[in-house]
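Morning, everyone. I have one chain to show you today, and I'll keep it brisk. Please look at the picture first.

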Amino acid sequence: MSDQTLTCKACGSTSFAVGELGHGYANIRPVNKRMTTGSPLLLTYCQDCGEVASMKVKEIGKLKN
Ligand SMILES: [Zn+2]
């Protein structure tokens, strides 16, 4: 997904993976736009210690007006 080199701020590892957080009621939704299904979040996390380096809205188009 990304070709930039990340370094874990907790343990110094450069081994990262991307996971998905959300689905259904756990999706992120704008507080003023409750009719949308929202979008899951993508988390980039360290494979050695679990530190989350980045959190990103997967489908930002669903959160825009
Ligand atoms: Zn780490």
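I'll go from the whole chain to the sheet, and then to two residues.

First, a caution: this is a predicted model.

Let's start with the overall make-up. The chain has 3 strands and 0 helices. Read from the N terminus, the order of elements is β-β-β.

Now the dimensions. The C-alpha trace spans about 40 × 20 × 15 Å along its principal axes. The radius of gyration is 14 Å, where a compact globule of 65 residues would come out near 11 Å. Burial is next: 5% of the 65 residues count as buried. And how much of the contact set is long-range? Take the contacts with a separation of 6 or more: 48% of them join residues 24 or more positions apart.

On to the sheet. The 3 strands form an open sheet, ordered 1-2-3, with antiparallel pairing. Which strands sit at the edges? Those are strand 1, residues 16-21, and strand 3, residues 52-57; each of them pairs on one side only. Neighbouring strands are turned against each other by 20° on average, ignoring direction.

Take the pairs one at a time. Strand 1 and strand 2 run antiparallel and are joined by 6 bridges. Strand 2 covers residues 41-46. Follow glutamate 20 across, and its bridge partner in strand 2 is leucine 42.

Now the other side of strand 2. Here 5 bridges lead to strand 3, again antiparallel. Two pairs to find on your screens. Leucine 41 stands opposite valine 57. Leucine 43 stands opposite methionine 55. As a general reminder, side chains in a regular strand alternate between the two faces of the sheet.

How do strands 2 and 3 connect? They form a hairpin, with 5 residues between them. Look at glycine 50 in that turn: its phi is positive, about 90°.

Now the first of my two residues, phenylalanine 16. It lies in strand 1. Is phenylalanine 16 buried or exposed? The cut-off for buried is 20 or more other C-beta atoms within 10 Å. Phenylalanine 16 has 21, so it counts as buried.

What does phenylalanine 16 touch? Set aside its neighbours within four places in sequence. The contacts are then Leu6, Thr44, Tyr45, Cys46, Gln47 and Ala53. One more distance from this residue: aspartate 48 is 32 residues away along the chain, yet the two C-alpha atoms are separated by 8.1 Å.

The second residue is threonine 5. Where is it? Threonine 5 sits in the segment before strand 1. For exposed, the cut-off is 12 or fewer C-beta neighbours. Threonine 5 has 7 of them inside 10 Å, so it counts as exposed. Check its position against cysteine 46. The two are 41 residues apart in sequence, and 12 Å apart from C-alpha to C-alpha.

To recap: an open antiparallel sheet of 3 strands, a hairpin between strands 2 and 3, a buried phenylalanine 16 and an exposed threonine 5. That's my part done.

Conventions
Residues numbered from 1 in each chain as written. Predicted model: local features only at pLDDT ≥ 70, side-chain atom pairs only at ≥ 80, totals over all residues. Pairing = 2+ DSSP bridges. Helix = DSSP H or I, 4+ residues; strand = E, 2+ residues; numbered from the N terminus. Axes fitted to C-alpha atoms, helices over the stretch in contact; angles between N-to-C directions. Rg over C-alpha atoms; globule rule 2.2 N^0.38 Å. Contact = placed C-beta atoms within 7 Å.
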